[in-house]
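Reader: I should like to understand how the parts of this molecule are held together. May we go through the structure step by step?

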Amino acid sequence: MATYEIPPMLIDAQDELDQVRADLRALFERVPWSVESMDARETHENAWRPASRPASPGWDPEDAAEIARLRARELELAEVLVCHPYWTEFAPGDVLAARDALKHHHEQKRADASV
């Protein structure tokens, strides 16, 4: 398996991206299913795939603002990671392996430490 000298700045950006995505997942699990207030709904009894949703009060403004902030930061970090000049050092066919190594750098550190 190839090893890569990934710049610390990219490792930090990847770690922050992982944290931002975890924060978003936790927030999405906590907020109501609908952004805006919506009545309960249920498909009719002969529906091909019956489904229902409870009434939703909608997101409160603080949650909506936090989600917007986290989404914006996620986009900024993704742009930093994808567009960094480091990736130009690789042949097109090797970028995927190098990018994958960055995504899983913690697992590689653990594996190296256990040897």
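Reader: Which side chain of opposite charge is nearest to R99?

Author: This is a predicted model, and in it R99 belongs to helix 3, residues 95-103. R99 is buried but takes part in no salt bridge. A salt bridge requires a nitrogen within 4 Å of a carboxyl oxygen. For R99, the nearest side chain of opposite charge lies 7.5 Å away, and that side chain is D18.

Reader: What does R99 touch, leaving aside its neighbours within four places in sequence?

Author: Neighbours within four places in sequence are set aside here. The contacts of R99 are then Q14, L81 and W87.

Reader: At what angle do helix 1 and helix 3 pack?

Author: Helix 1 covers residues 8-30, and its axis is 9 Å from that of helix 3. Helix 1 contributes L10, I11 and Q14 to the contact, while helix 3 contributes R99, L102 and K103. By class, these are three nonpolar, one polar and two charged residues. The angle between the two helices is about 65 degrees.

Reader: Which element gives the largest share of the largest nonpolar core?

Author: In soluble globular proteins, nonpolar side chains tend to be buried together. The largest nonpolar core here has 19 residues, and those with the most contacts inside it include L10, L81, W87 and L102. Helix 1, helix 2 (61-83) and helix 3 are the elements that each give two or more residues to this core. The largest share, seven residues, comes from helix 1.

Reader: Which residues does Y86 contact, leaving aside its neighbours within four places in sequence?

Author: Y86 is among the residues with the most contacts inside the largest nonpolar core. Beyond its neighbours within four places in sequence, Y86 is in contact with Y4, E5, I6, P7 and L10.

Reader: Is S56 buried or exposed?

Author: S56 is located in the loop between strand 2 (52-53) and helix 2. Residues up to four places away in sequence aside, S56 touches P32, W33, S34, E36, S37 and M38. The limit for a buried residue is under 20% relative accessible area. The relative accessibility of S56 is 3%, so S56 counts as buried.

Reader: How far apart are the C-alpha atoms of S56 and L77?

Author: Along the chain, S56 and L77 are 21 residues apart. In space, the separation of their C-alpha atoms is 32 Å.

Reader: Which residue forms a salt bridge with R21?

Author: Side chains of opposite charge can pair when their charged atoms come close. The structure holds five salt bridges. In the one formed by R21, the closest N and O atoms are 2.8 Å apart, and the partner is E74.

Reader: Why does the pair of R21 and E74 tie together parts that are far along the chain, and how many residues apart are they?

Author: R21 lies in helix 1 and E74 in helix 2. The pair therefore ties together parts whose separation in sequence is 53 residues.

Reader: In the salt bridge of R30 and D63, which residue is buried?

Author: The side chains of R30 and D63 meet at 3.0 Å, N to O. This pair links distant parts of the chain, with R30 in helix 1 and D63 in helix 2, 33 residues apart. R30 has 55% relative accessibility and so counts as exposed. At 10% relative accessibility, the residue that counts as buried is D63.

Reader: Which residues are joined into one network by salt bridges that share partners?

Author: E76 and R73 meet in a salt bridge of 2.8 Å, N to O. Both lie in helix 2, three residues apart, about one turn of the helix. Through shared partners, salt bridges form one network of E16, R73 and E76.

Conventions: Residues are numbered from 1 along each chain as its sequence is written. This is a predicted model: local features need pLDDT of at least 70, side-chain atom pairs count only at pLDDT 80 or more; totals for chains, interfaces and linings use all residues. Side-chain values use heavy atoms; hydrogens and water are left out. Helices (H or I, at least four residues) and strands (E, at least two) are DSSP runs, numbered from the N terminus. Buried means under 20% relative accessible area, exposed over 50%, partly exposed in between (1.4 Å probe, protein chains only). Lys and Arg count as positive and Asp and Glu as negative; His and the chain ends are not counted. Contact means heavy atoms within 4.5 Å. Axes are lines fitted to C-alpha atoms, for helices over the stretch in contact, and angles run from 0 to 180 degrees between N-to-C directions. Ala, Val, Leu, Ile, Met, Phe, Trp, Tyr, Cys and Pro count as nonpolar, Asp, Glu, Lys and Arg as charged, and the others, Gly among them, as polar. A nonpolar core is a set of buried Ala, Val, Leu, Ile, Met, Phe, Trp, Tyr and Cys residues joined through side-chain atoms within 4.5 Å.
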